[in-house]
Amino acid sequence: MEAYQHILLAADFTAHCDRVARRAADLAGIYQSKLSVCHAVDSLPIAESVYGPIIPFDGDLTAELVAAAEKQLAILGATYGIPEDRQWVVIGSPKTEILLLAEEHKTDLIVVGSHGRHGLGLLLGSTASSILHHAKCDVMAVRLTDAGK
Ligand code: AMP
């Protein structure tokens with residue numbers, strides 16, 4: 001089996017994120033592969049709001065969220081030796097944007113957590129599940145428990 005050349009870490013910045021990142025960095029070390037990290041700033045309107053199902057998304061808010069995500073990625077990048085040009089913030093649905101990035105940059109492994117914000121009570125979160133089903137490359141879902149072990 002060929003060594004992975006380029007691993008993509010999907011970082012959601014939840015409490016479990018560091019564990020997923022550590023696994024991706026370990027694999028990159030073992031395979032001597034490039035490691036990139038991405039975060040998708042979801043552009044969907046807030047559906048479960050008390051104000052109703054549709055809230056127009058605010059451009060300034062998006063810019064703030066992108067800036068905040070870039071800061072978080074910089075911290076993650078410094079911790080795991082991921083250079084700035086491989087820290088990617090994208091705007092849109094994590095499910096589709098992560099897959100697009102993986103194809104665009106020809107990554108051969110995507111590392112996600114088994115859950116994040118959407119899957120605490122489930123076996124697989126919806127993002128992880130969608131990526132597992134639709135990715136054209138290998139996917140590793142790091143099994144997460146609430147104890148973080
Ligand atoms: P979830 O579907 O929220 O349970 O998330 C499962 C996994 O998908 C997380 O552990 C992350 O690896 C990845 N993920 C979820 N949301 C994002 C996001 N906005 N940006 C990047 N990765 C994400």
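Contact here means heavy atoms within 4.5 Å. That cut-off sits behind every packing statement in these legends, and the model they describe is a predicted one.

**View 1. Helix α3 and what its buried side packs against.** In α3, the buried residues are Pro94, Glu97, Ile98, Leu99, Leu101 and Ala102. They pack against quite a list of elements: strands β1 (6–10), β2 (34–41), β3 and β4, plus helix α4. For anyone eyeing the spacing of those positions, an α-helix has 3.6 residues a turn, so residues three or four places apart point the same way.

**View 2. Lys95, at the start of the same helix.** Lys95 belongs to α3, which covers residues 94–104. Is Lys95 buried, exposed or partly exposed? Its relative accessibility is 33%, so it counts as partly exposed, because the partly exposed class runs between 20% and 50%. Setting aside neighbours within four places in sequence, Lys95 is in contact with Ser126, Thr127, Ser130 and Ile131. Helix α4 spans residues 126–134, so by the 4.5 Å criterion these contacts connect Lys95 to α4. Ala40 is worth picking out too: 55 residues separate it from Lys95 in sequence, while their C-alpha atoms are 8.7 Å apart.

**View 3. The way out of α3, with Thr107 tucked in.** Just after α3, Lys106 takes a positive phi of about 50 degrees. Then comes Thr107, in the loop between α3 and β4. Thr107 counts as buried because its relative accessibility is 6%, and the limit for buried is under 20%. Which residues does Thr107 touch, once those up to four places away in sequence are ignored? They are His6, Leu8, Ala102 and Cys137. Ala102 is also one of the buried residues of α3.

**View 4. The sheet, strand by strand.** Five strands make an open sheet with parallel pairing, in the order β3-β2-β1-β4-β5. The edges are β3 (87–91) and β5 (138–142), each pairing on one side only. On average, neighbouring strands of this sheet are turned by 25 degrees against each other, direction ignored. As a reminder, strands of a sheet pair through backbone hydrogen bonds, either parallel or antiparallel.

**View 5. Zooming in on β4, β5 and the helix across them.** Strand β4 (residues 109–113) pairs with β5 in the parallel sense over five bridges. If you want a pair to centre on, Val111 has Met140 in β5 as its bridge partner. Helix α4 lies across both β4 and β5, and runs at about 160 degrees to β4.

**View 6. A lone aromatic pair.** How many aromatic pairs does the structure hold? One. Tyr4 and Tyr31 form it, edge-to-face, at 5.0 Å centre to centre and with 80 degrees between the planes. The two rings link distant parts of the chain, 27 residues apart: Tyr4 sits in the segment before β1, and Tyr31 in helix α1 (residues 17–31). Tyr4 is buried, with a relative accessible area of 12%, whereas Tyr31, at 27%, counts as partly exposed.

**View 7. Stepping back to the whole chain.** The protein has four helices and five strands, and from the N terminus on they run β-α-β-α-β-α-β-α-β. Of its 149 residues, 43% are buried. Among contacts between residues at least 6 apart in sequence, 74% join residues at least 24 apart. The protein exposes about 8,800 Å², with carbon and sulfur atoms supplying 55% of that.

Notes. Residues numbered from 1 in each chain as written. Predicted model: local features only at pLDDT ≥ 70, side-chain atom pairs only at ≥ 80, totals over all residues. Heavy atoms only, no water. Helix = DSSP H or I, 4+ residues; strand = E, 2+ residues; numbered from the N terminus. Buried < 20%, exposed > 50% of the residue type's maximum accessible area, 1.4 Å probe, protein only. Areas by Shrake-Rupley, 256 points an atom, 1.4 Å probe, with all protein chains shown as cover. Pairing = 2+ DSSP bridges. Axes fitted to C-alpha atoms, helices over the stretch in contact; angles between N-to-C directions. Phe/Tyr/Trp six-rings, centres within 6.5 Å; stacked < 30°, edge-to-face > 60°.
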